[in-house]
Amino acid sequence: MACVGLGMMLGAHLGPRARSYIEQADVVFVAVSDSIVELWVKEMHPDVRSLQPYYGKGKSRHDTYREMVEAMLREVRSGRKVCGVFYGHPGVFALVPHRAVGQARSEGFDAHMEPGVSAEDCLYADLGIDPGTFGCQHFEASQFMFYRRRLDPSAYLVLWQVGVAGDRSIRRFSTGAEHRQLLVELLLEDYPEDHEVILYEAATLPVSEARMERIPLSRLVDAELHLQTTMVVPPARPMERNNEMLARIAEIDARDHVEST
C-alpha cells in the first residue's frame with residue numbers, strides 16, 4: 001500500500017515515484033481539492049475511486065476519515081495493491097493517509113508514504129519567506145485557540161485552516177465572525193491590532209494565481225476565509241540576543257582555540 005502526494009498544482013508537482021505508484025496499483029483511491037484534478041488522476045488508471053462521497057453535511061469528519069481508511073484497508077486485506085492519492089503532501093494536514101499507513105503496518109502489510117509539494121512549500125516560495133531567517137511557528141488555528149501555546153512574536157506565525165478556527169464539532173466547513181473575534185483577541189495579546197497579516201491560498205491550477213491578501217489583524221473578523229485559507233503573521237518585534245548563552249559559547253570557543261595551539 002502507498003499514499004502519495006500530487007502536490008498543489010495540477011500536473012506541475014507530481015513526482016515520478018508517485019506517478020509510478022499510481023500506475024502500478026490495482027486500485028487507486030483519490031481525495032483532492034478539485035474535480036478537475038480528480039479527472040486528471042482518472043486518466044492515469046482504469047480503477048480510480050473518489051473518497052469525496054464520504055463527506056456529508058453535518059457529518060463528523062472523524063466518521064468520514066474512519067470510513068475512508070476502512071475503504072482503503074478493505075482492498076489491502078483482499079490482497080490488492082492500493083494507492084491513496086492526496087493533494088499536496090499526504091502527511092501534511094491529512095489524517096487519512098497517516099491512519100491508513102499506520103493501520104496497514106499494524107496488520108502486517110507493507111505501507112509507504114511518498115511525499116509531495118505541500119501548501120507550506122508553496123507558501124515559502126510565493127511569499128518569499130525563508131524559515132531559517134527568523135524562524136516559523138505552525139499551528140492549526142483551532143488547536144491554537146483550544147490550548148495555551150507559547151508564542152514568539154519575533155518569528156513568523158502560520159495558522160492553518162483559519163476558516164474553521166474555533167470549531168469544536170468537527171462537522172463544520174466554516175466558522176463565523178464571533179469565532180474569529182476570539183482568535184483576534186487571542187492574537188492581540190502579542191500583536192498590535194494594525195499589524196499586517198497575510199491570507200494565503202496556494203494556486204491549484206496553472207491558470208490560477210495564489211491568494212496573498214494583506215490586511216490588518218483587526219480586519220480578520222470580516223475577511224473572506226475558506227477551508228484552505230492559511231494566515232501568516234510576520235514578526236512583530238526584533239529577535240532578542242541571548243547574551244548569557246553567547247558568552248558561554250565564547251568561553252568554549254576560546255578554550256578550544258587554546259587547546260588547539
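Here are two short exercises, with worked solutions, on a predicted model.

**Exercise 1. Strand β4 and its surroundings**

Work out which strands pair with β4, in which sense, and whether the residues of β4 are buried or exposed.

*Solution.*

1. Start with the partners. Strand β1, residues 2–5, runs parallel to β4, and four bridges join the two. To find your way in the model, look for G5: its bridge partner in β4 is F86.
2. Now take strand β2, residues 27–31. β2 also pairs with β4 in the parallel sense, this time over five bridges. Here V27 is a handy marker, with V82 as its bridge partner in β4.
3. Next, sort the residues of β4 by face. In a regular strand, side chains alternate between the two faces of the sheet. For β4 that puts V82, G84 and F86 on one side, with C83 and V85 on the other.
4. Check burial, using under 20% relative accessible area as the cut-off. Both faces turn out to be covered, with the residues on each side all buried.
5. Put it together: five of the five residues in β4 (82–86) are buried, so the strand is largely enclosed by the rest of the structure.

**Exercise 2. The cavity**

Find how many cavities of 30 Å³ or more the whole structure has, then describe the lining of the largest cavity.

*Solution.*

1. Search the whole structure: one cavity of 30 Å³ or more shows up.
2. Get its volume. The largest cavity holds about 40 Å³ of space.
3. List the lining: L6, G7, M8, M9, L10, G11, V37, W40, Y87 and T204.
4. Sort that lining by class, and you get seven nonpolar residues, three polar ones and no charged ones.

Conventions. Residues numbered from 1 in each chain as written. Predicted model: local features only at pLDDT ≥ 70, side-chain atom pairs only at ≥ 80, totals over all residues. Heavy atoms only, no water. Buried < 20%, exposed > 50% of the residue type's maximum accessible area, 1.4 Å probe, protein only. Pairing = 2+ DSSP bridges. 1 Å grid on protein atoms, 1.4 Å probe; cavity = no way out; pocket = protein on both sides within 12 Å on 5 of 7 lines; lining within 4 Å. Points joined across faces, edges and corners; volume = space filled by probe spheres on them. Nonpolar A, V, L, I, M, F, W, Y, C, P; charged D, E, K, R; others polar.
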